[in-house]
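Biologist: Can we go through the pockets in this one? Keep it plain, please.

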Amino acid sequence: MSGASVGRRLAFVGEPSFLSTPTSSGMQLFVHTRVLRSGSLACVTVLADADEVHEVNTAETSRRRLREDFERARKDMKVSIVAASGPFIASRIRALFDGTRKVPQEAAAVQATVLGSLGDGADLPHPTHALEPVDDAEARVARSLELHTETEINAILPAPREIEGVGEGVATSGRDGANPDATVDALRTAIDAACDAGSRARMALQLRDTALALAATRRPDRALDAVATAAALEAPEASSGQIPYVFGMFYKFALVQQELRRATAAQRGLTAG
């Protein structure tokens with residue numbers, strides 16, 4: 001599938017709304033826009049992760065100011081901002097208030113107003129489903145470890161409960177730590193145990209959101225890799241530990257922790273000196 005073909009399949013009609021790629025903590029920004037008679041934009045902005053709706057705001061703004069806000073978000077959150085259709089972003093925001101996430105008092109106070117401004121509507125499929133079936137999907141999943149070289153994906157880490165579960169699983173596996181193959185097998189088994197269907201669904205959605213950014217920045221082949229990997233994660237029989245992308249997430253976390261320990265030790269050495 002060519003880059004032009006990917007762009008055509010992801011195209012939509014009307015005023016764009018927006019979402020961000022995930023941060024390392026899974027935080028994402030969602031902005032629904034609606035054009036007013038004055039020509040300005042009525043915006044609903046939601047900042048949330050998989051567990052909590054952190055901030056909710058409604059405001060009237062201009063396109064210029066919105067672009068400036070996005071530029072600040074790119075710098076402060078280290079994310080990409082991606083355009084999508086208004087109905088799709090509205091459905092994503094409605095899903096954020098579906099009762100599974102914690103909603104702080106400040107956000108809860110405007111929840112009814114926000115949902116009322118978005119109107120009713122059915123949950124919409126992710127735009128990247130228009131790219132399926134993906135050619136060479138099996139080969140793309142097999143090389144999905146390479147997705148971590150992309151800036152938008154390199155930031156993504158497993159959720160804390162998954163990290164804790166994998167750590168406990170490896171620690172109690174009884175495998176010979178001196179045997180690299182046994183260690184890898186133990187890690188794969190622990191990942192499978194810690195990453196349930198909910199975890200896989202979250203990872204898949206993150207990949208689909210990031211695929212929009214990859215496609216928008218002329219990396220259609222990588223976008224298709226991300227979509228193929230997301231589809232593999234969504235399969236009922238999916239084995240998280242056998243998907244290179246997922247295995248790489250935990251390996252990447254281990255490297256981050258190792259670097260933090262080194263930095264902490266170096267800081268202690270300077271303090272002691």
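Modeller: Yes, with the note that this is a predicted model.

Biologist: How much space lies in the largest pocket?

Modeller: The largest pocket holds about 760 Å³ of space.

Biologist: Which residues lie nearest its centre?

Modeller: Asp49, Ala50, Asp51, Arg101 and Arg202 lie nearest the centre of the largest pocket, out of 29 residues that line it.

Biologist: And which helices and strands supply at least two residues of that lining?

Modeller: One strand, S2 (28–35), and the helices H3 (86–96), H7 (160–171) and H9 (197–216) each supply at least two. H9 gives the most to the lining of the largest pocket, with five residues.

Biologist: How do the residues of that lining divide into nonpolar, polar and charged?

Modeller: Twelve residues in the lining of the largest pocket are nonpolar, nine are polar and eight are charged.

Biologist: Next topic. How much space lies in the second largest pocket?

Modeller: About 350 Å³. The second largest pocket is lined by 18 residues, and Leu29, Val31, Thr45, Asn57 and Asp69 are the closest to its centre.

Biologist: Which elements give two or more residues there?

Modeller: For the second largest pocket, those elements are S2, strand S3 (41–48), strand S4 (53–61) and helix H2 (63–77).

Biologist: Which one gives the most?

Modeller: H2 does, with seven residues in the lining of the second largest pocket.

Biologist: And what does that lining have by class?

Modeller: Ten nonpolar residues, four polar and four charged line the second largest pocket.

Definitions and conventions: Residues numbered from 1 in each chain as written. Predicted model: local features only at pLDDT ≥ 70, side-chain atom pairs only at ≥ 80, totals over all residues. Heavy atoms only, no water. 1 Å grid on protein atoms, 1.4 Å probe; cavity = no way out; pocket = protein on both sides within 12 Å on 5 of 7 lines; lining within 4 Å. Points joined across faces, edges and corners; volume = space filled by probe spheres on them. Helix = DSSP H or I, 4+ residues; strand = E, 2+ residues; numbered from the N terminus. Nonpolar A, V, L, I, M, F, W, Y, C, P; charged D, E, K, R; others polar.
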